[in-house]
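Biologist: Could you take me through one part of this model up close? I'd like to hear about the sheet, strand by strand, and what packs around the middle of it.

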Amino acid sequence: MIFTPPTGGRKEDNLGGKASRDKGQRGERMLRDIFNFHGYDTRRGDCFRHEQDVEGLPGIHVECKFKESLNLREAMEQAIAEREKKDGGLPTVFHKKSRQPWLVTMRIDDWMQIYKAWEERQRWDKKENQFFT
């Protein structure tokens, strides 16, 4: 028997269960490799132990989506729900489509928390440099 995708939908949207899981796992490995390249010791999470998709990014709950069609609200709700059960990091959705770059989605209050910490660090670095010049 040959599988023929239904007409009218995208081929990627009609992946069977195993193919869809395989693509999701590929995305998790790609994201893990990006984090590792940037110096973080990360690994794929264990879904049977209710871990996040990629473990080891301090303060961030990683929800990874590698799909052509994505409901970002649902993905964020999933990240929030899983975060509350497990690790308490900031819920963050890392998502990409085939042949497209990774994007990151966060709630505005969480993003502002990170930005304020970065901004404070910039001020500290500026003050520190004044003492050494």
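Modeller: Here is a walk through the sheet, starting with its layout and ending with the cores it feeds into. Bear in mind that this is a predicted model.

The sheet is an open one with three strands in the order β3-β4-β5, and its pairing is mixed. β3 and β5 (103–106) sit at the edges, each pairing on one side only. From one strand to the next, the twist averages 25°.

Let's take the pairings in turn. β3 and β4 run parallel and are joined by seven bridges. Going across from β3, E63 has V93 as its bridge partner in β4, and K65 has H95. The other pairing, β4 with β5, is antiparallel and has four bridges. There, V93 partners T105 of β5, while F94 partners V104. So V93 turns up in both pairings, facing E63 on the β3 side and T105 on the β5 side. The hairpin of β4 and β5 leaves six residues between the strands, and in it R99 adopts a positive phi near 60°.

Now for β4 itself. Seven of its seven residues are buried. In a regular strand, side chains alternate between the two faces of the sheet. Here L90, T92, F94 and K96 point one way, with P91, V93 and H95 pointing the other way. Buried here means under 20% relative accessible area, and even K96 and H95 fall in that class.

What do those side chains join? L90 and F94 belong to the largest nonpolar core, a set of ten residues that also takes in L31, F35, V54, L57, I60, V62, C64 and W102. α1 (17–37), β3 (60–66) and β4 (90–96) each give at least two residues to this core, and β3 supplies the largest share, with three. V93, which points the other way from L90 and F94, is part of another core, apart from the ten-residue one; this other core has five residues, A75, A79 and I80 among them. In soluble globular proteins, nonpolar side chains do tend to be buried together.

For contrast, look at the surface beyond the sheet. I108, W111, M112, Y115 and W118 make up a nonpolar patch there, with about 520 Å² of accessible area together. W111 belongs to helix α3 (residues 108–131), and it counts as partly exposed because its relative accessibility is 43%.

Methods
Residues are numbered from 1 along each chain as its sequence is written. This is a predicted model: local features need pLDDT of at least 70, side-chain atom pairs count only at pLDDT 80 or more; totals for chains, interfaces and linings use all residues. Side-chain values use heavy atoms; hydrogens and water are left out. A nonpolar core is a set of buried Ala, Val, Leu, Ile, Met, Phe, Trp, Tyr and Cys residues joined through side-chain atoms within 4.5 Å. Buried means under 20% relative accessible area, exposed over 50%, partly exposed in between (1.4 Å probe, protein chains only). Patches are made of residues with over 30% relative accessible area and no salt bridge: like charges are joined within 9 Å, nonpolar side chains (Val, Leu, Ile, Met, Phe, Trp, Tyr) within 5 Å. Accessible areas come from the Shrake-Rupley method with a 1.4 Å probe; for residues, only the protein chains shown count as cover. A salt bridge is a side-chain nitrogen of Lys or Arg within 4 Å of a carboxyl oxygen of Asp or Glu. Two strands pair if DSSP finds at least two bridges between them. Axes are lines fitted to C-alpha atoms, for helices over the stretch in contact, and angles run from 0 to 180 degrees between N-to-C directions.
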